[in-house]
Amino acid sequence: MSRPTKILGIETSCDETAICLIEVDENGKSLKILGNTVHSQINEHIPYGGVFPMLAKREHEKNLPIVLEKTLKEAGAKSSDVDLIALTVGPGLEPALWAGITFARDLAEKWNLPIVPCNHMEGHILTSLIKKKGEIYEFIRPPLPSLSLLISGGHTQIVLVEDIGKYKIVGETRDDAIGECFDKVARTLGLEYPGGPKISKLAAEARRENISSPEPLPRPMISSKDLNFSFSGLKTAVLYLTRKIGTLDEKTIKGIAREVEDSVTEVVVSKMRKAIEQYAVESLIIGGGVIANKHIREHLEKLAVDCSVPLFLPQFDHATDNGLMIALAGYVNKKKAVNFDAPLKASGTLPIDEYR
Ligand code: KG4
Ligand code: ZN
């Protein structure tokens, strides 16, 4: 007789130290989030204008035991309740990933538990495939094949999902990821790291106050026939525009933020429309920190309605990195569990389509 499975998800691929304990019911149909802690290192990285990998590693090492204790306390659980440890092994910043690997290994040895090595990007996909129903979350089986758009600080990819676990990248950025573009543009505009949420807020204000950019910005690769992206030109265009303007007042900053958000949204929607035309897909799954952006979200919702395909999005507070996404990936991949002494390796560039 099977019984509920408790999975501890550990995420340290970037600047969030995150641990989540979930309990999946015995039929694998629903789950409960028992404890969920995300400790952001943003304040530590602000002076560097971005994430500084060795500092991230040190902060993870310092915070992991605290985050674990907090999560177990919230869950009212003890070590002997946990069945499985799920861990991000890539992609991400390698020093940061190693902090998670070392911690998870020690824990697995001490608690005598197996570890499931997980792909961070698969975690982002899976986070969009649960739906809150009262106290529990139901697992959603999306109509397949599906197209997944993954937009984060490190990635911008369109992934063909033939099945859960069967992925093929059909388009991706040639240079900067969308989140990275937001963060770099924000820096040019004199806004603090991470820029995504700040651009998002200022762009919304610009829309409300009817403020536009002093000049239009490019929509990079919007007319190219392929499904690839490029965002470094947009970042550079903002740099040249701000140099031309000189001193930036609040109104100009808001106008530029709005134009950047519009550019990114139009490019993403146009590429996804092309992808839907090219692949006969039955659904869309969106994941990654940038989908916390309301404007992009609304336009993808419109696209899905236009194209009559169901759309799966993460809950707003599950869009950016968290331990839940890794606990879910651990559940889906539980057959790949290994012992604490298995040769786990951090992979900064672990591709979603080569992992399995
Ligand atoms: O998935 P995530 O938490 O970390 C990575 O896997 O990279 O994504 C972080 C990215 C950052 O670049 C951040 O600026 C961006 O997501 N982001 C946003 C918003 N919230 C976070 N970008 C645009 N609008 C937002 N509201
Ligand atoms: Zn992420």
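This briefing describes one sheet, the helix that lies across it, and two buried residues. The model is predicted, and the values below are computed from it. The sheet is open and is formed by seven strands with mixed pairing, while the two residues are His 318, which is buried, and Arg 297, which is buried yet has no salt bridge.

**The sheet and the helix across it**

- Reading across the open sheet, the seven strands follow the order E5-E4-E1-E2-E3-E7-E6, and their pairing is mixed.
- The edges of this sheet are strand E5, made of residues 115-119, and strand E6, made of residues 130-133, each of which pairs on one side only.
- Neighbouring strands of the sheet are turned against each other by 30° on average, when direction is ignored.
- Helix H3, which covers residues 94-111, lies across strands E1 (5-11), E2 (16-24), E4 (84-90) and E5, and it runs at about 160° to E4.

**The hairpin of E6 and E7**

- Strand E6 pairs with strand E7 (residues 136-139) in the antiparallel sense, and four bridges are found between them.
- These two strands form a hairpin with two residues between them, and in the turn Gly 134 has a positive phi of about 65°.
- Along the pair, Ile 130 stands opposite Phe 139 in E7, and Lys 132 has Tyr 137 of E7 as its bridge partner.

**His 318**

- His 318 is placed in the loop that runs between strand E12 (311-312) and helix H10 (324-332).
- His 318 counts as buried because its relative accessible area is 4%, and the cut-off for buried is under 20%.
- Leaving aside residues up to four places away in sequence, His 318 touches Ile 33, Thr 127, Tyr 137 and Leu 324; one of these, Tyr 137, is also the bridge partner of Lys 132 in the hairpin.

**Arg 297**

- Arg 297 lies in helix H9, which is made of residues 294-306.
- Although Arg 297 is buried, it has no salt bridge, and the nearest side chain of opposite charge, that of Glu 301, is 4.9 Å away; a salt bridge would need the charged atoms to be within 4 Å.
- The side chain of Arg 297 does, however, reach the backbone oxygen of Pro 314 at 2.6 Å.
- Apart from residues up to four places away in sequence, Arg 297 touches Ile 291, Leu 313, Pro 314, Gln 315 and Phe 316.

Conventions. Residues numbered from 1 in each chain as written. Chains lettered and ligands numbered in written order. Predicted model: local features only at pLDDT ≥ 70, side-chain atom pairs only at ≥ 80, totals over all residues. Heavy atoms only, no water. Buried < 20%, exposed > 50% of the residue type's maximum accessible area, 1.4 Å probe, protein only. Contact = heavy atoms within 4.5 Å. Pairing = 2+ DSSP bridges. Axes fitted to C-alpha atoms, helices over the stretch in contact; angles between N-to-C directions. Lys, Arg positive; Asp, Glu negative; His and termini not counted. Polar contact = N/O pair within 3.5 Å; in protein donor to acceptor, adjacent residues only side chain to side chain.
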